Amino acid sequence: MESNNVDVMVVGAGFGGLRALHALRRFGKSVQVIEASDDVGGVWYHNGYPGARCDVESYDYSYSFSAELEQEWVWSERYATQPEILRYINHVVERFDLRKHIRFQCALLRAQYDAKAARWRIQCSDGSQWSAQFLLMAVGQLSAPKSPNYPGLNRFGGQVIHSAVWPKEPVDFTGKRVAIIGTGSSGMQMTPVIAQKAAHLTVFQRTPNYSVPASNAPISAEEDRQVKANYRQRRDQAWNSPTGLGFTPGKKSALEATPEERDQVYEAAWHRLGFGFALSYFDILLNKAANDTAAEFIRKKIASVIDKPELRDKLIPRDHAFAARRPSVDSGYFQAFNRDNVELADVREFPIVEFTAKGIRTQDKDHEFDIIIFATGFDAFTGSLLKPEIVGRHGMTLKQKWSAGPVTQLGIGTSGFPNLFVLVGPGSPSLLSNVMVSIEEQSDWLANMIDHMGRHGVAEVEVTEMAEQAWVAHVNARAHETLYLTADSYYNGAEVAGKPRVFMPYSGGVRGYRRLLHKCAENGYEGFELRDKPLALHGQAVNAGAKSTSVATADLQPTPVGA
Ligand code: NAP
């Protein structure tokens, strides 16, 4: 058992877990990473569907901790494909010698906090058992795939694939009749690519989605040289932008501009900015009337590329504000419906009744398929976090503690679960940010906290109840300033029936969030209790050179999303 004692157990070997490993190793901590699958990469390992690519620009969706890494890696396209991102992840793993710390095909089954020893006792799917002072969950926010359970699913004689559990062997669509269920980012990305190969493609749509063109392009040697000569400025710009994507929000309200000005601004953003389109004016996500101007522009754009008039009405989103749900950044999604071999099945009009041996029966007809793809998304934010049984100080599980929704201090920890940390979890900017910026910020912050604890003889750190209540109230208050609550989405738990309906990501922006993280640390990890002995041993908190006060709500000054 001796060798199974580590300082930190990191769960997950995706971008987050790998970055946390790197940060913790710098402080000389012994770290074990466990990974349920057989290789590194997390979602980028599993989501190998045709057309999968990142919709954050390659230069920004990459680690910033090593200037050498930044300079030596050459991205081939503005938006990298999944295979290229996976090559990058593997390059990082080899270059920084991370693989030796990772145990594959080893899923976390159960972790129980030993309150007297102030250590987590951990059981894994491969039978291994571990003891770790800290448990760091880096399991991703979109890593628990969700498949509808249609009647007759098992009757279907063809192949059923989920976009997020894509087979490792190539899937040949040539001459095949294919169905895609779901029109989120995954469905929208794969549609134009599969359409080129399949004999026939039917896209089953429930909610029409907004999308902004990716304007993807190869990266020239000159562009690469220029970016790399100014990489620090580019990173600074990303870190100081609200979303971590580097876009500076417009200074004006969309409602102050004339219609002509707006058209010019939107037109320019449409052709170059991807997600940056949403920041053309600072109030697009804050004010419905402002949002309407952007939404209407997008609707016209979508209509202009769809040849068949009867499809326009069906494909154009009208039932929610632009970006209140996650929009897509696409490469020819709507244009794909101009092909003779592509058909739209609107499941709001004719719902899916059942699967049959040959395909799918909707209320109006029988469809025959060789391959059916579920692009139906995920149990977001909490799906993977709550899968293992995590038992805290009082014998309560995390699932019980979060039965009405996740409750955290800064999205990082929760009371009753000392020495447990969540990376890029609910209550942090996570999916409302360039997640790479959030991963790096939190990994370094947590590594510093753990180092601080080691140097000050702190055995146990635990979020206070007051702090987490204040933080949840703040996350809600920030969400109420926006249009995010006006739509059902995976941001607020609407994607899974019966899931608590709470807004999960922090919408205050990465810059504001970073300030709060730093302030928390400067004030002796405000909102966390740091104890030199486990609470269970002496029954009261002992301040080990650090404050253990809860967060004063006055410190949580709201700033608009677009600030
Ligand atoms: P998603 O955005 O949650 O979309 C799931 C789709 O499936 C929605 O259109 C949903 O319809 C539909 N759906 C779910 N259950 C259904 C059912 N029973 N019948 C019919 N339709 C059903 O999932 P995703 O497309 O996999 O994307 C998830 C997230 O992953 C993205 O928002 C993004 O954050 C990330 N992602 C990123 C990239 C990238 O960087 N390029 C690519 C892919 C994914 P409703 O809308 O009506 O629920």
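Biologist: Leaving aside its neighbours within four places in sequence, which residues is W239 in contact with?

Modeller: In this predicted model, W239 touches S64, R232, V437, V510, R511 and R514. Contact here means heavy atoms within 4.5 Å. W239 itself is found in helix α7, residues 231-239.

Biologist: Why is W239 called partly exposed?

Modeller: Its relative accessible area is 24%. Buried would need under 20%, and exposed over 50%, so W239, at 24%, lands in between and is partly exposed.

Biologist: Two of those partners, V437 and V510, caught my eye. What makes α13 roughly parallel to α15?

Modeller: Helix α13 (residues 435-455) and helix α15 (residues 510-522) pack at an angle of about 0°, and their axes are 11 Å apart. Angles under 35 degrees count as roughly parallel, so α13 and α15 get that label.

Biologist: And which residues make that contact?

Modeller: From α13 you have V437, S438, E441, Q442 and W445. On the α15 side there are V510, Y513, R514, L517, H518, C520 and A521. Sorted by class, that gives seven nonpolar, three polar and two charged residues.

Biologist: Over to α9. How do you know that its length agrees with what a helix should span?

Modeller: Helix α9 runs over residues 288-305, which is 18 residues. The expected span is 1.5 Å times one less than the number of residues, so α9 should span 26 Å, and its end C-alpha atoms are indeed 26 Å apart.

Biologist: What sits at the start of α9?

Modeller: A side-chain oxygen of N287 comes to within 2.8 Å of the backbone nitrogen of A289. The cut-off for a polar contact is 3.5 Å, so this pair falls inside it.

Biologist: Which residues of α9 are buried, and what covers them?

Modeller: The buried ones are A290, N291, T293, A294, A295, F297, I298, R299 and I302. Their cover includes β10 (211-213), α8 (259-270) and α11 (333-336).

Biologist: Now the odd backbones. What makes the phi of Q105 worth a look?

Modeller: Q105 has a positive phi of about 50° although it is not a glycine. Its place is in the loop between β3 (102-103) and β4 (108-114). A323 also has a positive phi, about 75°, and is not a glycine either; it is found in the loop between α10 (309-315) and β11 (328-330).

Biologist: Why is Q105 called exposed, and A323 buried?

Modeller: Q105 has a relative accessible area of 56%, over the 50% cut-off, so it is exposed. A323 has 7%, under the 20% cut-off, so it is buried.

Technical notes. Residues are numbered from 1 along each chain as its sequence is written. This is a predicted model: local features need pLDDT of at least 70, side-chain atom pairs count only at pLDDT 80 or more; totals for chains, interfaces and linings use all residues. Side-chain values use heavy atoms; hydrogens and water are left out. Helices (H or I, at least four residues) and strands (E, at least two) are DSSP runs, numbered from the N terminus. Buried means under 20% relative accessible area, exposed over 50%, partly exposed in between (1.4 Å probe, protein chains only). A polar contact is a pair of N or O atoms within 3.5 Å; within protein, one must be able to donate a hydrogen and the other to accept it, and residues adjacent in sequence count only if both atoms are side-chain atoms. Axes are lines fitted to C-alpha atoms, for helices over the stretch in contact, and angles run from 0 to 180 degrees between N-to-C directions. Angles under 35 degrees count as roughly parallel, over 145 as roughly antiparallel, 65 to 115 as roughly perpendicular and the rest as oblique. Ala, Val, Leu, Ile, Met, Phe, Trp, Tyr, Cys and Pro count as nonpolar, Asp, Glu, Lys and Arg as charged, and the others, Gly among them, as polar.
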